[in-house]
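Good morning, colleagues. Thank you for making time for this short presentation; please turn to the structure as it comes up.

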Amino acid sequence: MNYLSTRSNTTPRRFCDILLEGLAPDGGLYLPEHYPQVNSTTLDHWRRLYVQHGYAALAFEILSLFVDDIPAADLKALCEKTYTPEVFGTPEIAPLKKLHEGFYLEALSNGPTLAFKDMAMQLLGNLFEYELARRGEQLNILGATSGDTGSAAEYAMRGKQGIRVFMLSPHGRMSAFQQAQMFSLQDANIHNIAIEGVFDDCQDIVKAVSNDLDFKRQYKIGTVNSINWARLLAQVVYYFAGYFQATSSNDEQVDFTVPSGNFGNVCAGHVARQMGLPIDKLVVATNENDVLDEFFRTGVYRVRGSADTHETSSPSMDISKASNFERFVFDMLGRDAARTRHLFAEVLPREGRFDLSSELETYREGPRTRWMSGSSTHADRVNVIRVVDERYGVVIDPHTADAYGVARKCAGHNPMIVLETALPIKFAATIREALGRDPDRPARFDGIEDLPRRVQVLPADVDRVKVLIAQECD
Ligand SMILES: *Cc1c(COP(=O)(O)O)cnc(C)c1O
């Protein structure tokens, strides 16, 4: 399988070439040259395989179609090492919870950091370690986080050979639980750096360091952000696993509703549907930051300035632009790289928006193209959390609540699967507001706030961060 960039037709690359890279050199995102097609014989086989041999076996089958530069036995071992009940809390890894007839939650947040990002990041950690060892190389991952991504990356990379993580976070601004999750890690290869500033200051420092090409090369700086193709690919697997659990035969269709921010999660659903998984509707759920909902309603993609980007009670969806969206636009435009490049590299920076309303209309006449969308307010989410608790005795987090509310409006005759992307304990304040009580805390997190902390506080100063990285590496 070869990979190409959404912005050009340069030399195709293989999976391991792009594994450790972020953007393509031309600024585009990588996609496979074509989507492997899964027919009903294969679906039958995978359904049996998932039931009899579990999630890791299914993951291996799906990944094999996209990865041809890792020997099969090694790829299988990597999947088996990643998707274990010990790491993900249940034998199903992504179990389906039935709320009522034809309406399900797919639990994706029982991994080490209690958010769905573990589903992909845990695999990425093992893939990185494998590939770096094979090349005899090292990698220093530099990132900025306001919560979920940073902790998922640290828990995936802790103790891994050849990898160090330098994670910047805004000093004193993450929730107490999130700080405790990250700062209690004692692994020598994990470096927490609390920056005296806000999240944007952290991100600016990461950009400045990455733009210093000499430093970047000398210290082998890399990232693990959501545009990484391997992360997206890992997420394709749970769409299949959810489908097999919600249906008993492969002629049935299902719908998925996905709480969305950077469009990584639902883009994996798009890939699964393009491969031939019988998904009828993909429903994109946003919060008050409704860039994506606006696009699917109007065909206009309009990025927001920082003044228009709201801080909400579902913070992992607080985005001003959706970094994976270019992948979908590329497919929607019949994989026209020149046009995609023009839109994202020229029109968007100049005008802050583009209008694809007529293209979206034409696209929707084709097969496998049913998209719906909706958004929620804080009051909607609080209300949903209360209703779901009262009716089903299930406490959901604000991101999942956003999706549940939108799914109720968009559900038709197919089974509806709502992706649960975090556990409520991560967002205790909103749960207290909705239910007047604290969410349950998994036993392994008891007393986490009292553990010793490993974190260095630095001013928002690029040079100070560079000095720290250099000291650790020399
Ligand atoms: C990251 C995240 C999202 C958004 O996912 P995207 O792939 O960016 O669309 C939703 N919910 C939670 C809890 C998250 O951590």
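I shall go through the aromatic contacts, then the ligand, and finally a few individual residues.

Please bear in mind throughout that this is a predicted model.

Let me begin with the aromatic side chains. The structure holds 29 aromatic pairs. One of them is formed by Phe263 and Phe296, whose ring centres are 6.3 Å apart, with 20° between the planes. That pair is classed as stacked, because planes under 30 degrees apart meet that criterion.

Where do Phe263 and Phe296 lie in the chain? Phe263 is found in the loop between strand E9, residues 254-259, and helix H12, residues 264-275. Phe296 belongs to helix H13, residues 291-298. The two positions are 33 residues apart in sequence, so the pair ties together separate parts of the chain.

Are these two rings in buried or exposed residues? Phe263 has a relative accessible area of 1%, and Phe296 has a relative accessibility of 4%. Both count as buried, because each value is under 20%.

Phe296 also pairs with Phe328. Here the ring centres are 5.7 Å apart and the planes meet at 50°, so this pair is tilted. Phe328 sits in helix H14, residues 325-332, and is 32 residues from Phe296, so that this pair, too, links distant parts of the chain. Like Phe296, Phe328 is buried.

These residues belong to one aromatic cluster, which includes Phe263, Phe296 and Phe328. Among the other members are Phe295, Tyr301, Phe325, Phe344, Phe354, Tyr363 and Trp371. Trp371 has a further partner: the charged end of Arg273 sits over its ring, 5.3 Å from the centre.

A similar arrangement involves Arg335, whose charged end sits over the ring of Tyr35, 5.0 Å from its centre. Arg335 lies in the loop between H14 and helix H15, residues 337-351. With a relative accessible area of 24%, Arg335 is partly exposed. Its backbone also deserves mention, since phi is near 60°, a positive value in a residue other than glycine. As a general matter, most residues other than glycine have a negative phi.

Ile93 is another residue with a positive phi, here about 70°, although it is not a glycine. Ile93 lies in the loop between helix H5, residues 85-88, and strand E3, residues 96-100. At 2% relative accessibility, Ile93 counts as buried.

I turn now to the ligand. How many residues surround it? There are 15, and the closest are Lys117, Asp148, Gly261, Asn262 and Asn265. By class, this shell has five nonpolar, eight polar and two charged residues.

Several contacts involve oxygen atoms of the ligand. A polar side-chain atom of Lys117 lies 2.5 Å from one such oxygen. For Gly261, a backbone N or O atom is 2.7 Å from a ligand oxygen. In the case of Asn265, a polar backbone atom is 2.9 Å from an oxygen of the ligand. Taken alone, the ligand exposes 390 Å², and the protein buries 97% of that area.

I close with Ser8, in the loop between strand E1, residues 3-5, and helix H1, residues 15-19. Ser8 counts as buried at 16% relative accessibility. Its side chain makes a polar contact with the side chain of Asp26, at 2.4 Å.

Thank you for your attention.

How values were computed:
Residues numbered from 1 in each chain as written. Predicted model: local features only at pLDDT ≥ 70, side-chain atom pairs only at ≥ 80, totals over all residues. Heavy atoms only, no water. Phe/Tyr/Trp six-rings, centres within 6.5 Å; stacked < 30°, edge-to-face > 60°. Helix = DSSP H or I, 4+ residues; strand = E, 2+ residues; numbered from the N terminus. Buried < 20%, exposed > 50% of the residue type's maximum accessible area, 1.4 Å probe, protein only. Lys NZ or Arg CZ within 6 Å of the ring centre and 35° of its normal. Near = heavy atom within 4 Å. Polar contact = N/O pair within 3.5 Å; in protein donor to acceptor, adjacent residues only side chain to side chain. Areas by Shrake-Rupley, 256 points an atom, 1.4 Å probe, with all protein chains shown as cover. Nonpolar A, V, L, I, M, F, W, Y, C, P; charged D, E, K, R; others polar.
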